Amino acid sequence: MKNLSDQPCLIARSLALVGDAWSMLILRDAHAGLTRFDDFRKSLGIAPTMLTGRLSSLTEDGLLEKRRYSDRPPRDEYVLTEAGRDFLPVLFAIGAWGRKHRAGGKVTRFFDAETGTEIDPVTIDRATGAPVGTRPIRIAAP
């Protein structure tokens, strides 16, 4: 995926960083408050080597920041950066698509912690106010 990082398309460039399921699920869990390797591993059921690689990539690419929380033994935690925090609406947009096209059976639901209401994201074009996906698009190459 790294070869996409030079593409003029910002979707391609972004997918070069977070285009695999594990990276997105790590970011989901980080937004839920997980910061430690063992907590990510337990939540995701991911192999330690795979998790190490994904955490390293997300750190190198600026979505997570590695912070030392113990010197003896040396232990680090992973916290969201501004770029990582800004990814939450993307995760919710993917979830909204899944609710419409992949729901069925028991599904995880997400609630606003302050109001208790279920989150139902809508992606709106700032200039027109129209929901994205309701109007034709045109792609302009650089």
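A residue counts as partly exposed when its relative accessible area lies between the limits for buried, under 20%, and exposed, over 50%. The structure described in this report is a predicted model. By that criterion D38 is partly exposed, because its relative accessible area is 49%.

**Salt bridges**

The structure holds 8 salt bridges. One of them joins D38 to R41, with the closest N and O atoms 3.9 Å apart. Both residues belong to helix α3, where 3 residues, about one turn of the helix, separate D38 from R41. R41 is likewise partly exposed, since its relative accessible area is 34%.

Another salt bridge pairs D20 with R54, and here the closest N and O atoms are 2.8 Å apart. This pair links distant parts of the chain: D20 sits in the loop between α1 (10-18) and α2 (21-31), whereas R54 sits in helix α4, and the two are 34 residues apart. D20 has a relative accessible area of 22% and is therefore partly exposed. R54, at 21% relative accessibility, is also classed as partly exposed.

A further salt bridge forms between E118 and R109, whose closest N and O atoms are 3.1 Å apart. E118 is partly exposed at a relative accessible area of 28%, and R109 is partly exposed at 47%. Elsewhere, K66, R68 and D76 are joined into one network by salt bridges that share partners.

The following table lists the three pairs described individually.

| Salt bridge | Closest N and O atoms |
|---|---|
| D20 with R54 | 2.8 Å |
| D38 with R41 | 3.9 Å |
| E118 with R109 | 3.1 Å |

**Helix packing around α4**

Two packed helices are described by the angle between their axes and the distance between the axes. Helix α3 (residues 37-44) packs against helix α4 (residues 48-60) at an angle of about 120°, and their axes are 10 Å apart. That angle makes α3 oblique to α4, because the range for roughly perpendicular ends at 115 degrees and roughly antiparallel begins over 145. The crossing of α3 past α4 is right-handed. On the α3 side the contact is made by F37, F40 and R41, and on the α4 side by P48, L51, T52 and L55. By class, these residues comprise 5 nonpolar, 1 polar and 1 charged. R41 thus takes part in this contact and also in the salt bridge with D38.

Helix α2 packs against α4 as well: the axes come within 10 Å and cross at roughly 75°. The angle makes α2 roughly perpendicular to α4. The residues in contact are W22, S23, I26 and L27 of α2, together with M50, L51, R54, L55 and L58 of α4. This contact has 7 nonpolar residues, 1 polar residue and 1 charged residue. R54, a member of this contact, is also the salt-bridge partner of D20. L51 and L55 of α4 appear in the contact with α2 and in the contact with α3.

**Other local features**

Most residues other than glycine have a negative phi, and most peptide bonds are trans. The bond joining R72 and P73 is a cis peptide bond, with omega about -5°. P73 lies in the loop between strands β1 (64-71) and β2 (74-80).

A96 is placed in helix α6 (residues 88-101). With a relative accessible area of 25%, A96 is partly exposed. A96 and T123 are 27 residues apart in sequence, and their C-alpha atoms are 9.9 Å apart in space.

Conventions: Residues are numbered from 1 along each chain as its sequence is written. This is a predicted model: local features need pLDDT of at least 70, side-chain atom pairs count only at pLDDT 80 or more; totals for chains, interfaces and linings use all residues. Side-chain values use heavy atoms; hydrogens and water are left out. Axes are lines fitted to C-alpha atoms, for helices over the stretch in contact, and angles run from 0 to 180 degrees between N-to-C directions. Helices (H or I, at least four residues) and strands (E, at least two) are DSSP runs, numbered from the N terminus. Angles under 35 degrees count as roughly parallel, over 145 as roughly antiparallel, 65 to 115 as roughly perpendicular and the rest as oblique. A crossing is left-handed if the near helix is turned anticlockwise from the far one by less than a right angle, and right-handed if clockwise. Contact means heavy atoms within 4.5 Å. Ala, Val, Leu, Ile, Met, Phe, Trp, Tyr, Cys and Pro count as nonpolar, Asp, Glu, Lys and Arg as charged, and the others, Gly among them, as polar. A salt bridge is a side-chain nitrogen of Lys or Arg within 4 Å of a carboxyl oxygen of Asp or Glu. Buried means under 20% relative accessible area, exposed over 50%, partly exposed in between (1.4 Å probe, protein chains only).
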